[in-house]
Amino acid sequence: MSNSWQSPAPEPLPPPGAPWGQPHPGAPENQWHEPHPGHPENQWHEAHPGHQPYELHPKAHQPQLTQPHQPYPAQPGHPGEWAQPAGRPYPAETAYPAHLAHPGEQPYPAQHDQRLHLTHEGQPARQDQQPHPAQPAYLAEPARPAEPAHPAHPGEQTHLAHPGRHTQKAEQAYLGHDTRQGQQPHPAPQSQQGPPAYLAHEGQLARQGQQPYPAEPVHPAHQGEHTHPETHPAQPAHEGQPARQGPESHPPQGQPARRAQPQAEVAEPREPQAAPGGAEHGTGKAGGGRRAERGGAPEPGAGRRGTRTVPRARRAAHRRAGLVKVVAFCAATAAGSMLLLRGNEALDRLGSPTVPDSATAAPAAAVDPHDPGRVLQVVAHPDDDLYFMNPDLRYSISAGHPVTSVYLTAGEADGINATVGKAATTRPNKPAYAEARQNGIRAAYALMATGDRSSPWQRTLVPTKGGGHAEVDVLTAKPQVNLVWLQLREAGTVYDDAPDSLHGLWDGRVPRLESMLASGTPVKQRFSYTKDQVVQTLVGILEQYRPTTVRSQDPTPGRFPDTKRYNDHQDHFYGARFVQLATAAYAKDVKDRPHFAVQNYVGYVNGSLPSTLDPAEAKEKLDILGAYAWLDQQNHCKSDAGCGDLKVSDQPGGNHWSESINYARGTGTTWLTSDKDLGLWAFKVLDGQVALWHRPGLVGRWKGPDLLPGTGMDPGVSTVPLPDGRTAVFGTRTSIGAKPADYRREVVYVVQKYPGTEEFTQWQSLGTPETADETWTSDISAPAVSVDGAGQLAAYVRDGAGTLRGRVQHADGTWGPWDKHGGSDLHGSPVTATDGAGRRMVFATTSKSVVGWTQPKPGAPLGRVTATGLPDTTLPLTAQGREGGVRLWFRRPGSGNVRTALVTAEGGLKVSQMTDLGGLQGFGAVTASGHVLAGRTAGGQLGSEAGPGRPWERSPLMFVGAPSSTPTGRSMVSLAVVGLDARLYVTSSTDAPDAYLAPWQPVGPRNTAP
C-alpha cells in the first residue's frame, strides 16, 4: 500500500461490552446452465471510429425554436399556502403498530387488494376522501357544508383525494409541469424575451418570477379537517324533547364539520346538511328525512320548513333518539368485541397493553400528501440513459414524474452517421451527427411519454451558471419531461488518451473544454468551460429543477486485471465524478432545497453479466432503442441531419445492454434494523450524508430524517447489531482533492454511543484495500458486515481486481489489516451472515455462479473460496441466517423470478433446497425477513409476498436503491423503502394465515427543504 494511500489508523473501537467504548428462456427449470459468455475487451463498445465525409442535404423544416425562456422550475410550493388534511395513523387496535406514522402523516394507499382491511366492515375504502379515525355510530356529527370553506383554485382537476396542483403566475414565461400521474399538463404560456433565472451566472439563482414547484392543494371537501383524539359518550336527548344542538354541534369557526364514521355496518340515519350560513340544522328521519337549506338558522322551536308544531317535533326527536340508542348499542358491542380481540392479540405480542401516543395526543398537525418526487439524471452521451438507466427511466416517465435528463457532451464521435456497410462512403460531419443523436433521443423520450415518436418539442436557448449556454427541450404534450444539452466535446475513445475531454479537464491536462454545438441547436455562440465552471453549470441545473432523486453513471468502474484498461467509457465515469462534485456543492451551499438521494448505474459491464430483465421488459427497452437508432429511416423529424443514430442501427441493443440494468451502489438490504425494545432504525444516504430515522419502541413516534455529521458518503450503507446492544453503521466515503491522485474511496463506520441513543461516534476510517485511483479507479464495493458467534466483527469488500478483501476487529477494539481471501471475477457487493453455530459465511456473485467462504468455527479466519454449484444469478445477493444455515435469495436471469437456496457449512459449503419463488419479474435486490419477501417489480413498484405460497402483490411505491426489512417482535416484520421523493416509507406485517402488508406510512413531513 502506497504511503500516499495509507489511511490513518482508525480509533480503536471498544470491545463489545466495554463502557462507551434462472435458466435462460427455454431451458429446463431443473438444469444448471451457463450465463451469457463474457466478451473480450476488444468487443466492448468503442467510441465511434472515423469514417469518410458526409454530404448534407438541403436544410428542411426544423423543430420549433423559440426565444429564450425559463424551463419548468420544479420546486415545491410555498409552505403553508394550502392547508393539508390530517392523515390517519393505522389504528392501534389492528396490532400493526410497527408502522405508526409521524403525527399527522397521511398513509400511502394500501396495496390494491388490501384496501378492504382499512375500512369499516363491509364497506370498501373510498378513494375520493381522506380516511379519519372511526367515530362511534351514536356520536352523529353535523354534516359538511354544501360548499367548501375555500373554493378550489380555478382549473384544478380532481385526482383521487386531491385536486390538481395549484399553479402560480410567473413573471417569466416557462412551460409548466404536472407531476401527478394521469393528469393533463398545464398549458404552456408563450415564451418571452430575457434569460431564465435558473441558469443565470454570476453565482446567484434569481428567483423573481419563478414558479415554485406546484403544491398540492387540499381537496375542498377536506380543508380544515381535524381528527379527534378520543371519542366521547353519547348525550341522549330527554324523552319527548328534541336533541339539543349546543356549541359542540357546530364545527370550529372556519372549519367545516365532518360526519361521523360508523364502526359497524348498521342502519345509519341521514345526516343534516349544513346551512349555507354556517349553522348546522336538520330534523330529518333516519333513512330519508329532508334537509334544511335555508340561508339562516331557524328560530327556536321551528320545525322542518318552519311549519311543524313543537309537540310533533318532539315526537320526531324521540323516535330519532330511540334509533340512536339502537345504533349506539350495536356499534358499542361491535367495537368492544374488536377491541377485546385486538387487545388480546396485542397483549400476547407485547406483554402489556400500550396505547399509541398518537391515539391520545392532540389532533395531529397536517402534512403534505405524498410527493411522487422529481428525477434528474446526468449522463455523458446521448443514449447512455437509454442503455444503462432504462427501464427506470421509462417507469418514471410512465408514472408522470417530472424527469429531466442532462447530457454533458454532444456525442459527436467521428461525425459519421451511417450503418457499418455505408460508413466508408459517408462523409463525417460532427455537428450534424450530434444533431441526429439529439433527434433520436427526442424520438425515444416522446415515444416513452406519449406513444408517438414525432410528438413535438419546444427547444430553447438558456444561459448557464457556468457562463455558457445550454439548449433546453420541453416535450409539449408532457412538459414535465425536459432535456438539457450542455454540448461539450466528447473524448472520442473509450480507453485511449484524449486530453480534450472530461477526463483531461478533470486531471488538469487542459484548462478549458470547448463546446461542440449540434447543427440546428438554438445555441449559436461557442463557449468553453473550466473544471469549476462545469461544476457550477450542474449546480445551477440542480438549483433549477430541485430533484429528489439524482441518477448518474458509475464514478468508479473497474479495470481489466490483465491490461488495466477501464471496463467503462472514460466519459461515463469522469462525467459521474463531475456530478459528485456538483451534488456535494449543491448540498453544501444551497439550503433552500429538498433532500435528494443518488442512484448510480453500471455501464458496459452489463454486457458480460447475466441478463436481469424478463423478455417483455427487454423488448420494451429494445423498442425504445429502436426509435433512437432510427431503424426505418423515415424523416419524421424533418431534419437534414437525420432522425437518429444510424451507427447503432445494425445492433440497437448494444452488447446485450438492452437485456439488463444494474445499480452500481445502494444494493444492500440491511439498512433497516430493530433493537431489543422493538424500536426501528433506518439509515440511508441523503445529500451525501447518512440520514437517520428512528422510532423508539413498538409504538413510538418516528423521528427524522436527521443527518449524521460527515459528508461525501456514497449511496448504500449496512447496519449490524453488536453484542452489547449497540448498532454499527458501515459505508464507503469519497473524498475529492485538488489533484487527480486525491480522489479516494474508503470504508468508514460509526457506532451508537450506547444502546437506544440517537448519538453516534465520529466516523472512523478502515481505509481501502486499493493502491491508487490510477491503478484500480477506487473500485471497491459497499462493505458487508457481520458479527460471528464469538462476538467478532468483520467487514468485507470486493476490490477493483474482483477479489474479496476483509478486516476483522480484535478483542481490544482495534482492526487487523485488509486480508486477501481470493476469488476472481467477483461482481457487485458481497453479503455475509452467520449460521446456527455462529460461523460466519460470505458470498459473492461471479459472471457464472456464486462462490462462498466460511469459518470452520466462530472466531477463526475465513476458509478458502468455494464454488457453491449454484447457477448464474443476477446481481445482487441477499443472505440471512436461517434454519441452521444461511439462506440466499437471488433472481433468475432473463426472468426476474426470485429464487432461494439454503447453504450449510458442516463438512464444507453445501447447497440445498433450491426453489423458484416466482414473483412479479423485476430486478435488483430482494429483502427477506420472517415471512415477508419484497423487491422491485416490472414497472418499478415494490412487490411483496407476505408468507410462503401467498400471491405476490404490487404496491404503488416507486423507490430508490433496495428495500430493507427486519423482524420486530415474535411474529411481526417491518419493511421500508425510500421513495423517489427521498422520503422514508414504512409498513409492517404479522405472520398469520391471512397475512398482508399494512398501509404504507410516510415518515416526517413532505420533502421540501432540510
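Which residue in β37 does Met-972 stand opposite? In this predicted model, Met-972 stands opposite Thr-990 of that strand. The two residues belong to a pairing of β36 with β37 (residues 984-990), in which seven bridges join antiparallel strands. Four residues lie between β36 and β37 in their hairpin, and there Ala-982 has a positive phi near 60 degrees.

On its other side in sequence, β36 pairs with strand β35 (residues 953-967), again in the antiparallel sense, over six bridges. One facing pair here is Ser-965 and Leu-975, the latter in β36. This hairpin also has four residues between its strands, and Gly-969 takes a positive phi near 100 degrees in it. Strand β36 itself (residues 972-979) is mostly covered, with eight of its eight residues buried. Met-972, Ser-974, Ala-976 and Val-978 point one way from β36, while Val-973, Leu-975, Val-977 and Gly-979 point the other way; residues of both sets are buried.

Two helices can be read in a similar manner. Helix α5 covers residues 430-450, a run of 21 residues. From its first C-alpha to its last, α5 reaches 30 Å, close to the 30 Å expected at 1.5 Å a residue. Of the 21 residues in α5, 17 are buried, and the helix is mostly covered. At its start, a side-chain oxygen of Asn-429 comes to within 3.0 Å of the backbone nitrogen of Ala-432. Gly-451 follows α5 and has a positive phi, near 85 degrees.

Helix α7 (residues 531-545) has 15 residues, and its C-alpha span from first to last is 22 Å, close to the 21 Å expected at 1.5 Å a residue. Because 12 of the 15 residues of α7 are buried, this helix is largely enclosed by the rest of the structure. The buried residues of α7 include Lys-531, Val-534, Leu-538, Ile-541, Glu-543 and Tyr-545. Just after the helix, Arg-546 takes a positive phi of about 50 degrees.

Lys-531 also leads to the aromatic residues: Lys-531 lies over the face of Trp-506, at 4.1 Å from the ring centre. Trp-506 is in turn part of one aromatic cluster, together with Tyr-566, Phe-573, Tyr-574, Phe-578 and Tyr-743. Another charge placed over a ring is that of Arg-593, whose charged end sits over Tyr-586 at 5.7 Å from the ring centre.

Counting ring pairs with centres within 6.5 Å, the structure has 19 aromatic pairs. One of them joins Tyr-601 and Tyr-663, with ring centres 5.3 Å apart and planes at 75 degrees. An angle over 60 degrees counts as edge-to-face, so that is the class of this pair. Tyr-601 lies in strand β11 (residues 597-601), whereas Tyr-663 lies in the loop between α9 (615-629) and β12 (672-674). The pair therefore ties together parts that are 62 residues apart in sequence. Tyr-601 counts as buried at 2% relative accessibility, and Tyr-663 counts as buried at 11%.

A further pair, Tyr-749 with Trp-815, has ring centres 5.6 Å apart and planes at 55 degrees, so this pair is tilted. Tyr-749 and Trp-815 likewise link distant parts of the chain, 66 residues apart. Tyr-749 is in strand β18 (residues 744-751), and Trp-815 is in the loop between β22 (804-808) and β23 (819-822). Both Tyr-749 and Trp-815 are buried.

There is also a covalent link to consider. A disulfide is a covalent bond between the sulfur atoms of two cysteines. The structure holds one disulfide, formed by Cys-637 and Cys-643 with their sulfur atoms 2.0 Å apart. The torsion about the S-S bond is about -90 degrees, so the disulfide is left-handed. Cys-637 and Cys-643 are both buried.

A last stop is a loop residue. Thr-768 is found between β19 (764-767) and α10 (773-776), in the loop. With a relative accessible area of 3%, Thr-768 is buried. A polar atom of the Thr-768 side chain lies 3.1 Å from the backbone nitrogen of Glu-770.

Notes:
Residues numbered from 1 in each chain as written. Predicted model: local features only at pLDDT ≥ 70, side-chain atom pairs only at ≥ 80, totals over all residues. Heavy atoms only, no water. Phe/Tyr/Trp six-rings, centres within 6.5 Å; stacked < 30°, edge-to-face > 60°. Buried < 20%, exposed > 50% of the residue type's maximum accessible area, 1.4 Å probe, protein only. Lys NZ or Arg CZ within 6 Å of the ring centre and 35° of its normal. Expected span 1.5 Å × (residues − 1). Polar contact = N/O pair within 3.5 Å; in protein donor to acceptor, adjacent residues only side chain to side chain. Disulfide = S-S within 2.5 Å. Pairing = 2+ DSSP bridges.
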